[in-house]
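Here is a short briefing on one structure. It covers a cavity and the salt bridges.

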Amino acid sequence: LDLQWPERITIKQLRLRQPYALIERDRQARFPLLARFAPPPPPPESAGTPSGSAPGAARMAMTFEEIIVESGNATVVDDGGASPVRFDIPRVDLTARQVTWPASGPAQLRLEAALPAGGTLNVEGSVNAEPMSADVTVAVKDAEIAWLQPYFGFRARVGGRLDANLTVSGPLAPTPRLKISGDAGLRALDISDGQRSVLTTESLRITGIDAAWPERIVLGRVHTRRSWALIERDPQGRFLLRTLLERPGAGAPRPAPSAPSSPSAPSGPSASSAPVASPGSTLEFTLREGVFEEQAATIVDDAMTPPARMEVAGTRFTIRDFSWPSRTPATVELTSPMPAGGRLDVAGTLQLEPVRLEGRAVLDGVAIEPAQPYLPIDGRVAGKVSGDLTVKIALEPTAIQVAGQARLQAFRLNDGDRALVTVGRVDAAGIDI
């Protein structure tokens, strides 16, 4: 301890054992804990105060060469987002060096913490208090991600275990605007509407992350194994998964922040003068390459009469240069067994706004029964088709164009259980449908 009262105090080492902290972020994205240490504004000069005098308490400069926190814990209350968030951090071990107050520069930080729903977090790098910012490396191991739900900004419920190695830099307040890069992996990912799963994944590996949060996310490569998705379209033509991942209130103006409720709130520019991204703004997403192996899907299309229902398993899907909101078509390749038998290979382009698929399809003994709801006839059909076709499919509104050549075998047109037409084999060239 080196103290020169009341100008300065220097402490070489401060060690805290089993401390507790309440870390709050208010609706104006300010941290009241830091405000507790802010000096009061100097009183206005009065007529009776000699010019140049300094009324009020002096501001003591504090320097900590090293702060060590052992077995601490904390409660985090965050009211700065679209909905309030509260969670407990059960264990924190921290070493900070070159900590100054008032802040005169970045402090060096090393943090190890147990996360709320399991897993660990390690952070190492530099942080700055004025303005609050960070330049750190972050390592996450076996962390459950469900507790981050309020920060995702969409209706879908998300769960899974996360491992990640990231570098994070940028301001944390009043609104986080962070540059993030690195790699990450998810296990046992589950996206649901709250009652039923709509997408599950055994393992997902992401490399080449390059994000500017909260405006955009770019992923270099995503490799996924053993996934399942519920691809459901309602009678109005809306896709369930798409609506679950949309941010509610897109385009709605953000409510103005309320005035500070306490006169002791820190002085300075108000949060309303800082640039704040609207919670309804669209997050831009880009995927350079995605490889999805051993995929399965349940397809439910209630926009057709009668509704279409089918199951697909064992699919391999590759997509390149995908973006959302959609700007240019993505390149796709699909190899898959078909619901009622046969195999399909597709290569082409996919666009989501509006939904358009164009490409070449090679069919090998594909059963045609699952296509019944999409045929403009009352008769029931059966058979197997092989061929080499160019295909254009649009879903908003539904339109299908097919050209090429095909072979139809064991075809039947039934009226209920009664066969009206049977054909052993048909070879067709110059198809234009």
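Ala, Val, Leu, Ile, Met, Phe, Trp, Tyr, Cys and Pro count as nonpolar, Asp, Glu, Lys and Arg as charged, and the others, Gly among them, as polar. By that split, the lining of the largest cavity has four nonpolar, four polar and no charged residues. This is a predicted model: local features need pLDDT of at least 70, side-chain atom pairs count only at pLDDT 80 or more, and totals for chains, interfaces and linings use all residues. Residues are numbered from 1 along each chain as its sequence is written, and side-chain values use heavy atoms, with hydrogens and water left out.

**Cavity**
- The largest cavity (a set of points on a 1 Å grid over the protein atoms alone where a 1.4 Å probe fits but cannot get out; lining residues have an atom within 4 Å of a point) holds about 40 Å³ of space.
- Its lining is Phe322, Ser323, Ser326, Thr328, Ala330, Leu350, Gln351 and Leu352.
- Strand 17 (strands are DSSP runs of E, at least two residues, numbered from the N terminus) gives the most to this lining, with three residues.

**Salt bridges**
- The structure holds 28 salt bridges (a side-chain nitrogen of Lys or Arg within 4 Å of a carboxyl oxygen of Asp or Glu).
- Arg97 pairs with Glu66, with the closest N and O atoms 3.0 Å apart.
- This pair links distant parts of the chain: Arg97 is in strand 6, Glu66 in strand 5, 31 residues apart.
- Glu66 is buried at 16% relative accessible area (buried is under 20%, exposed over 50%, partly exposed in between; 1.4 Å probe, protein chains only).
- Arg97 is partly exposed at 42%.

Technical notes
On a 1 Å grid over the protein atoms alone, a cavity is a set of points where a 1.4 Å probe fits but cannot get out, and a pocket is an open set with protein on both sides within 12 Å along at least five of seven lines; lining residues have an atom within 4 Å of a point. Grid points are joined across faces, edges and corners, and a volume is the space filled by probe spheres set on the points. Helices (H or I, at least four residues) and strands (E, at least two) are DSSP runs, numbered from the N terminus.
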